[in-house]
Structures are given as C-alpha cells and as structure tokens.
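User: I have a model open and would like to learn how to read its features. Can you walk me through them?

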Amino acid sequence: MAEASKGEYLVGVDLGGTKILAGIFTTSLKCVGRSKMSTKAERGPESVIERIAHCIQDAVDECDLNLKQVRGVGIGSPGSIDSENGRVMFAGNLGWKDVGLKKELEGLLGLPVFLHNDCNVCTLGVYEVELESKPRHMVGVFLGTGIGGGLILDGKLFTGFNRTAGEVGHMVLEVNGPKCTCGNKGCWEALGSRTALFRQVQQAVKDGQKTILTSMLGDDLKDMRSGDLRKAIKQGDKFVEHIVEEAAKYSGIAIANIINVINPEVIVVGGGLMDALENEMMQVVVDTAREHAFPGTDKGVKIIPSKLGDDAGITGGAVLARRETK
C-alpha cells in the first residue's frame, strides 16, 4: 500500500460522545485500516479536535501511508451542524456550542475536511454501501448514546430548510416524560437511547431493584456497556429484559410515526445499542412499528437492521469525502 499515489485514500471519522473512530478507505470504499480513541469531551472542543487529528494520524500510520496520500476527510458529528461552514452549532452530548470544527481540523491536518451530522453521515454510508444506492426513499435511524436519523429522499440526502432535517430522536413520545439533553421532556432519545436505558437501570438499582448487573459490575454500575445488558438478559435477568423491551417499544412507535410522515421504502436501524442488542430488540421494534403505523402505510416498507454496525459512521464519512472531492 505504501507506494500509492497522492489522493488515493479517503478518511471517514465518526465523532461520538464517548469515542472517536477513524477509518482509512480506498476510493472504492474498502476499509484498509482504522483507529479508535476516547473522546474526553469534558476537556473541551480544542482538546477533542486535537484528539481527532491524532486518531486520523494513527489510522494513517497503521496503514503505512502518509497524509499526502489522503484526498479528503469526512466527519460525522453529533448535534445540529452547519455543514456549509463546517461548524457544530450545538451538540448536547459533547457540550459544544458553535465550534468551527472544519477550519480547526484543516489547520491541523492540511487536508480538506467535510462535516455533516453524524446520523446523516451514517445514513450515507448505509445507503451507498449496504443498499447500493437502490431505494428512492430511505430513512436511517441510529440508536446509541443519543438517537438520530438521516433522510434520503429521491436518492439524495435531505437536510431541510436549516440543514437540520432528520432529528428524529427529538420527536416527543411522552409529553411529561423524562428530561432530554435538548431541554425538552419525553423525546424518543430520553426514552430509548443507551443513555436512557442506563439511567433507568441505575435509578432502579438505587431504589432497591435486584439485578445480575450489580454482581457483574458493582453497585454503582459505573462501567456499564450495552453488551452487559445482553449478557444479563441471556442469564435470565427479567428486570433488564423488561427495560430493554420498553425502550424497543418506544423505538417502534417512533418508527411508525416516521412511516406515517415520510413513507420510505426502507428504514434501516443501526447504532451501537442496536448492534449489541439486535436479537433482543429488533423484532419488538418491527412488531410495534407495524402495530402503530396508519393502516396501509407500512405495506411493502422494509424495517431492517444495519449490517455495517459500528462502521456506518466511518464508511459514511468516506462516502461524504468521496462525494465532496470528485
């Protein structure tokens, strides 16, 4: 690989509330190397942007390449994004307000950087690589630290009037429900995300609920991961099973709303939470969505899990970089 000529590679970056993932891709979107780093958002934007640059550099080194061989970098960031100016306007999971990510990172790397909302980027990845750009209309839904979505309408990424379309996670499902990071109450994200699940489990344990999780992780459940919920369910923990099922039902109701409003051919469900708990959640999501969709609207609509899993973000970043540097 080292003898590759200039601009033969693309970098996709998935910037998350907990981790940064960077992938090196050929122009035909084959992943040839990757690197991972914790985000450490509490250190502030400047530090996180330096960490992104390090993560990219590590991934490039891993492939025995250098930055001169990279054509461009595509990044998916959480929050509302001004993609035209490459700014993160607001990201609750990172604690960011109006951060000039594109300009800062271009300064550190000396490469063109393109920025979009993380779920738009994941949707691009799923659409071009998994679905081979076939459906006319597709919605990507991603369940992770938060919940987000991306819309492909008429074969194009639809970003709406303020370029913020696709914020499905902030659809209110329970008017007086739990508080969300966005300031509203009862958003899908506050009811069905990994953060919401962990919060419910921790609160129940504080209130005296017994669960296998405490013997696995200790009473404070500090290092809990999505996979731990799966393990607990496999060991017959009915409490954890119930909590996960309730979250899956909320996701099903939200997806029914999406079907009613947009009526896409395909809804792809991905993200770290779905990745870890697909066997426990997916059927509940599909059944609940079909139950709640307006009669006739879900006919022929596919609701499927993403096969890209954790790679949707970096793959989509590479798709974005390829689209923007043609």
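The dialogue below covers a sheet, backbone angles, a cavity and cysteines.

User: What should I know before starting?

Analyst: This is a predicted model, where local features need pLDDT of at least 70, side-chain atom pairs count only at pLDDT 80 or more, and totals for chains, interfaces and linings use all residues. Residues are numbered from 1 along each chain as its sequence is written, and side-chain values use heavy atoms, with hydrogens and water left out.

User: How do I read a sheet?

Analyst: Start with the strands: they are DSSP runs of E, at least two residues, numbered from the N terminus, while helices are runs of H or I, at least four residues. Two strands pair if DSSP finds at least two bridges between them. Here, three strands form an open, antiparallel sheet in the order β5-β6-β7. β5 (80-82) and β7 are the edges; each has a single partner strand, so one side of each lacks a neighbour in the sheet. The twist averages 15° from one strand to the next, with axes fitted as lines to C-alpha atoms and angles running from 0 to 180 degrees between N-to-C directions.

User: Which residue stands opposite Ile81?

Analyst: Val88 in β6 does. β5 and β6 (residues 87-91) pair over three bridges.

User: What about phi?

Analyst: Most residues other than glycine have a negative phi. Asp98 has a positive one, near 45°, and lies in β7 (residues 96-99). Glu132 also has a positive phi, about 50°. Glu132 sits in the loop between α3 (118-130) and β9 (138-143).

User: Is Asp98 buried or exposed?

Analyst: Neither: Asp98 is partly exposed, because its relative accessibility is 41%. Buried means under 20% relative accessible area, exposed over 50%, partly exposed in between (1.4 Å probe, protein chains only).

User: How many cavities of 30 Å³ or more are there?

Analyst: A cavity is a set of points on a 1 Å grid over the protein atoms alone where a 1.4 Å probe fits but cannot get out; lining residues have an atom within 4 Å of a point. The count is one. The largest cavity has a volume of about 60 Å³, the space filled by probe spheres set on the points. Its lining includes Ile81, Asn117 and Arg163.

User: And disulfides?

Analyst: A disulfide is a pair of cysteine sulfur atoms within 2.5 Å. The whole structure has zero. For Cys119, the nearest cysteine sulfur is that of Cys122, 5.7 Å away. Cys119 counts as buried because its relative accessibility is 8%. For Cys180, the nearest is that of Cys182, 3.9 Å away. Cys180 is buried too, at 7%.

Notes: 1 Å grid on protein atoms, 1.4 Å probe; cavity = no way out; pocket = protein on both sides within 12 Å on 5 of 7 lines; lining within 4 Å.
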